[in-house]
Amino acid sequence: MSTHFFGLNDRSFAYSHSVGRNEFSGTGFRNPVDMAVGDNDVMYVVNRGYEYRTDGVHISVVTLSEEYITEFGSYGAGPGQFVWPTSIALDAQGNVYLADEWLNRISVFNGEGEFLRSWPDGFDGGASDDASGRMIAYGSGPDIPAGKSGSGDGELDRPAGIVISKDGTMFVTDSRNHRVQKFTLDGKFLGKFGTFGSGPGQLNMPWGIALGKEGNVFVADWRNDRIQQFTADGKWLASFGQSGDGVGQFNRPNGVCVDDDGDIYVADWLNNRVQVLAPDGRFVTALKGDHVLSQWGKDKLNSNPDMIRQRALAYSHNPGYEKSFNHPCAVKIDGQGRLAVLDHFGGRIQVYTKSKDPVLV
């Protein structure tokens with residue numbers, strides 16, 4: 001699938017394979033919400049799970065070759081625990097940073113999963129109203145009291161997305177404060193930008209966030225159904241998209257990334273697709289899913305004949321069963337230039353390769 005336009009390179013995206021299956025622990029994912037790309041093909045995948053099955057809440061460490069390495073973290077409010085995890089990022093040393101929108105904090109682990117610290121301080125079991133409903137509706141919230149939230153400099157109210165620049169600056173989408181905040185990696189406040197609204201540079205419950213090659217900041221402006229581009233200092237540069245299900249339109253975009261060519265990838269959550277935009281925001285193509293059963297999925301089916309029969313019945317009624325994205329929630333580019341798409345309800349990663357060929361116009 002590809003699009004030719006205005007003498008730019010043609011882009012084509014070929015489905016490679018899938019990683020994962022729906023599983024509460026071990027070789028699979030349960031309601032994953034975000035992932036981070038490490039060295040040597042390693043991916044850190046955040047599983048949000050369910051509160052009635054808290055063994056599903058953890059970070060899975062796998063490779064895009066579908067090798068299971070380990071998992072760490074658990075459900076709770078203690079050191080190294082999390083309740084409603086939203087996003088994950090790695091620093092230059094391979095340390096892992098996790099945002100939790102219920103506890104309103106960032107937790108830090110080393111690459112092996114050992115807890116190091118969390119910030120900001122101030123978990124006090126204070127009151128908080130229920131969730132925004134962006135990822136999974138949990139009703140009125142968990143039994144664990146929410147962490148302290150606030151709107152002052154350095155305070156958080158439902159942190160949603162995090163990304164770390166090469167110089168060690170962390171950008172956090174502070175969703176219910178409708179802004180982006182900047183921190184050092186130990187939590188020192190550096191600055192902020194964005195206010196509530198729908199105008200240029202304004203935000204309404206921002207979610208995903210990414211950095212371009214030149215250091216510009218791209219924000220998935222969730223409730224405004226668009227992507228906004230800023231300088232690292234918060235100067236508004238551009239806005240892409242509007243509400244809808246047509247070309248270049250979005251329905252609650254919640255993940256974004258940018259490759260070395262400047263192409264922008266958007267997880268278009270409720271439209272069940274990933275849209276690819278050129279650096280200037282023009283539509284390139286849309287990916288809707290091409291899933292083929294992963295090896296982990298095959299292993300599980302081979303051990304359960306009843307599941308094989310159920311799956312065969314589902315395919316007889318719908319030949320496209322399982323193929324399409326089911327609420328894609330994160331998009332990342334790995335060190336080999338492969339596009340990884342995290343499928344929230346599908347419990348899997350679909351992997352694509354990009355090729356570029358000259359176009360004769």
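**Two pockets, a hairpin and an open sheet**

The second largest pocket has a volume of about 330 Å³, where a pocket is, on a 1 Å grid over the protein atoms alone, an open set of points where a 1.4 Å probe fits, with protein on both sides within 12 Å along at least five of seven lines, and a volume is the space filled by probe spheres set on the points, which are joined across faces, edges and corners. This is a predicted model, in which local features need pLDDT of at least 70 and side-chain atom pairs count only at pLDDT 80 or more, while totals for chains, interfaces and linings use all residues. Residues are numbered from 1 along each chain as its sequence is written, and side-chain values use heavy atoms, with hydrogens and water left out.

Lining residues have an atom within 4 Å of a point, and of the 16 that line the second largest pocket, R21, L293, M307, R311 and E322 are the closest to its centre. Two or more residues of this lining come from each of α1 (295–302) and α2 (305–317), helices being DSSP runs of H or I with at least four residues and strands runs of E with at least two, numbered from the N terminus. The lining divides into four nonpolar, seven polar and five charged residues, with Ala, Val, Leu, Ile, Met, Phe, Trp, Tyr, Cys and Pro counted as nonpolar, Asp, Glu, Lys and Arg as charged, and the others, Gly among them, as polar.

The largest pocket has a volume of about 1600 Å³, and of its 47 lining residues V37, I164, K166, L211 and I333 lie nearest the centre. Among the elements that give two or more residues to this lining are β3 (32–37), β4 (42–47) and β21. By class, the lining of the largest pocket has 22 nonpolar, 11 polar and 14 charged residues.

Five of the six residues of β3 are buried, that is, under 20% relative accessible area (1.4 Å probe, protein chains only). β3 runs antiparallel to β4, with five bridges joining them, and M35 stands opposite V45 in β4. The two strands form a hairpin with four residues between them, and N40 in the turn has a positive phi of about 55 degrees.

β21 also belongs to an open antiparallel sheet of four strands in the order β21-β22-β23-β24, strands being paired if DSSP finds at least two bridges between them. Because β21 (253–258) and β24 (283–287) stand at the edges with a single partner strand each, one side of each is left without a neighbour in the sheet. β21 pairs with β22 (residues 264–268) over five bridges in the antiparallel sense, and G255 stands opposite A267 in β22.

Technical notes. Buried < 20%, exposed > 50% of the residue type's maximum accessible area, 1.4 Å probe, protein only.
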